[in-house]
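Open the model in your viewer and keep the sequence panel beside it. The tour goes from one selection to the next.

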Amino acid sequence: MGRSFANLHIKSNNLEKTLEALRELSERHGEVLGKSNKEAQEIKVVMYVSKSNENWISVLHDYFVWGTVKEIGKTLSSLIEEPVMTAGYMNEEIFELSFFENGDLQAERIFCEQWTRDEYEQLKEERLNDDYLRKALDIRIEDFEDLISITRPEQAVDKLSEIVRMSLWSDSEWIPHEETLRERFGTYEF
């Protein structure tokens, strides 16, 4: 077992609008965050939010893991008029990148070695849409070609972090242990 993380990012520079959408997600769609509707009303949801740069707002939560973060991103994208990118990294074997808009999956890429795809029989992209992906990431064709040719998950995370000018290496579980994350992310209760 290797390192794992999951996070989501909203392509926006409007922090207030994002916080309002996260509040609505917490209050009206608590089930995607692992809460029953009754719990969602009674228990405050803690999220860590960072305006990572002029284009992206990053969000961490303890229920974000590979396997749940996509559903959360899909739901959040139906509440906000901005693209939502989810990143799930599992055991240093898989890096799954998905983009949602208006509650629909727009594009997805899974970065892994061929043996990993063979081992996980159901592991395949739900929607390959490289044009959307390149446009959403706002990158040159050459850089995009370099990115999608990568098969090692760690290298893909590093390359994408470089492209979007923010570190994707973040998870809510790491915040107590990493000062740079504590400085970068603010704590919000919804």
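The stops below follow one strand, its two partners and a residue beside them, in a model that is predicted.

**Stop 1: strand 4.** Select residues 84-90, which make up strand 4. Seven of the seven residues are buried, so the strand is largely enclosed by the rest of the structure. In a regular strand, side chains alternate between the two faces of the sheet. Colour Val84, Thr86, Gly88 and Met90 for one side of strand 4, and Met85, Ala87 and Tyr89 for the other; both faces are covered.

**Stop 2: strand 1.** Add residues 5-11, which form strand 1. Strand 1 runs antiparallel to strand 4, and six bridges join the two. To see one pairing, pick phenylalanine 5, whose bridge partner in strand 4 is tyrosine 89.

**Stop 3: strand 5.** Now add residues 94-101, strand 5. Strand 5 is also antiparallel to strand 4, with seven bridges between them. Here methionine 90 has isoleucine 94 as its bridge partner. Strands 4 and 5 form a hairpin with three residues between them. In that turn, select asparagine 91, which has a positive phi of about 50°.

**Stop 4: arginine 3.** Move to the segment before strand 1, where arginine 3 lies. Arginine 3 counts as partly exposed because its relative accessibility is 37%, between the cut-offs of 20% and 50%. Which residues is arginine 3 in contact with, leaving aside its neighbours within four places in sequence? They are Tyr89, Met90, Asn91, Glu92, Trp169 and Trp174. Finally, check the C-alpha to C-alpha distance from arginine 3 to glutamate 92: 5.8 Å, although they are 89 residues apart in sequence.

How values were computed:
Residues are numbered from 1 along each chain as its sequence is written. This is a predicted model: local features need pLDDT of at least 70, side-chain atom pairs count only at pLDDT 80 or more; totals for chains, interfaces and linings use all residues. Side-chain values use heavy atoms; hydrogens and water are left out. Buried means under 20% relative accessible area, exposed over 50%, partly exposed in between (1.4 Å probe, protein chains only). Helices (H or I, at least four residues) and strands (E, at least two) are DSSP runs, numbered from the N terminus. Two strands pair if DSSP finds at least two bridges between them. Contact means heavy atoms within 4.5 Å.
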